[in-house]
Amino acid sequence: MKIMIVEDSSVELKRINRLVAEAAPRADIRTFSDSLDALAAFEDGQFLPDVAFLDIEMPSPTGMELARAMCARKANLNVIFTTAYADYLQDAFQMFASGYLLKPFSAEDIKTQLEHLRYPVKSDDCAYFAKTFGVFDFYYKGNPVHFSSARAKELLAYLIDRQGSSVTKKDIFAALFEDSEYNNSKQDLLKKIIRSLKTTLDEIGGGDILIHSRNSYAIDPTLFTCDLYAVLASGGQPDGSMPYMEQYAWAEYRF
């Protein structure tokens with residue numbers, strides 16, 4: 001699902017982005033603080049969303065004007081207005097908007113809206129999904145995967161960050177343990193971490209995601225979907241409005 005968020009308040013834009021990411025962790029989300037930029041991205045075909053969360057009271061074009069312009073080109077666009085005022089309910093009703101959220105709203109409110117879209121969006125058939133924006137999580141059939149080892153989960157995050165490139169055990173150790181000495185006991189620990197990750201992936205039928213070749217490891221990025229990969233594939237770059245794998249120190253300055 002592709003989701004556009006347009007909000008001229010930077011604070012509110014970050015908040016809505018966080019809530020939408022929580023409600024729809026598999027979605028490809030793009031944010032815009034300027035409605036003209038959003039309209040240009042839409043008209044140029046750079047980003048054609050399935051759902052658009054639009055603030056109403058913005059400098060021209062307003063949210064209503066933006067919705068009319070976009071719906072004229074994409075009739076099945078699900079428009080969800082976000083506003084602090086109930087005054088525009090009639091206008092939204094006349095436009096056949098998919099939803100109307102009064103601020104402040106919650107991630108659960110957003111989830112409810114997405115579950116009852118005027119134009120339902122076909123879900124992705126891929127069973128595995130990696131969420132890298134915010135706190136890293138890996139999903140199988142929509143449910144977060146439980147890792148018996150926190151380090152095994154971090155290893156998967158690190159390999160996903162490498163986007164299919166191979167890394168050595170020393171590379172992995174340096175990322176996961178920073179300045180620790182790479183001695184025999186730590187090498188044994190690393191073997192256990194790798195084994196734990198392989199076991200977890202095997203349990204959900206995703207053993208092929210992890211690639212082992214001699215002393216190097218990688219993931220096969222064709223076997224799962226990922227919010228970061230979706231952004232990069234469209235020619236974009238993470239805009240900094242959401243933290244990236246925020247629980248891991250090695251990911252702090254990636255984007």
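**Exercise 1. Determine which residues of helix 6 are buried, and how covered the helix is.**

Solution. In helix 6, the buried residues are Ala 152, Lys 153, Glu 154, Leu 155, Leu 156, Ala 157, Tyr 158, Leu 159, Ile 160 and Asp 161. The model is predicted. Buried here means under 20% relative accessible area. Now count: 10 of the 12 residues of helix 6 are buried, so the helix is mostly covered by this cut-off.

**Exercise 2. Compare the span of helix 6 with its expected value.**

Solution. Start with the limits: helix 6 covers residues 150-161 and has 12 residues. Next, take the distance from the first C-alpha to the last, which is 17 Å. The expected span uses 1.5 Å times one less than the number of residues. That gives the expected 16 Å, and the model's value is close to it.

**Exercise 3. Describe what lies at the two ends of helix 6.**

Solution. Take the N-terminal end first. Ser 149 caps it. A side-chain oxygen of Ser 149 lies 3.2 Å from the backbone nitrogen of Arg 151. Then look past the other end. Gln 163 follows helix 6, and its phi is positive, near 60°.

**Exercise 4. Place helix 6 in the whole protein.**

Solution. First, the elements: the protein has 9 helices and 12 strands. Second, the extent: its C-alpha atoms fill a box of roughly 70 × 35 × 30 Å along the principal axes. Third, burial: 48% of the 255 residues are buried. Fourth, contacts: among those between residues at least 6 apart in sequence, 63% join residues at least 24 apart.

Technical notes
Residues numbered from 1 in each chain as written. Predicted model: local features only at pLDDT ≥ 70, side-chain atom pairs only at ≥ 80, totals over all residues. Heavy atoms only, no water. Helix = DSSP H or I, 4+ residues; strand = E, 2+ residues; numbered from the N terminus. Buried < 20%, exposed > 50% of the residue type's maximum accessible area, 1.4 Å probe, protein only. Polar contact = N/O pair within 3.5 Å; in protein donor to acceptor, adjacent residues only side chain to side chain. Contact = heavy atoms within 4.5 Å.
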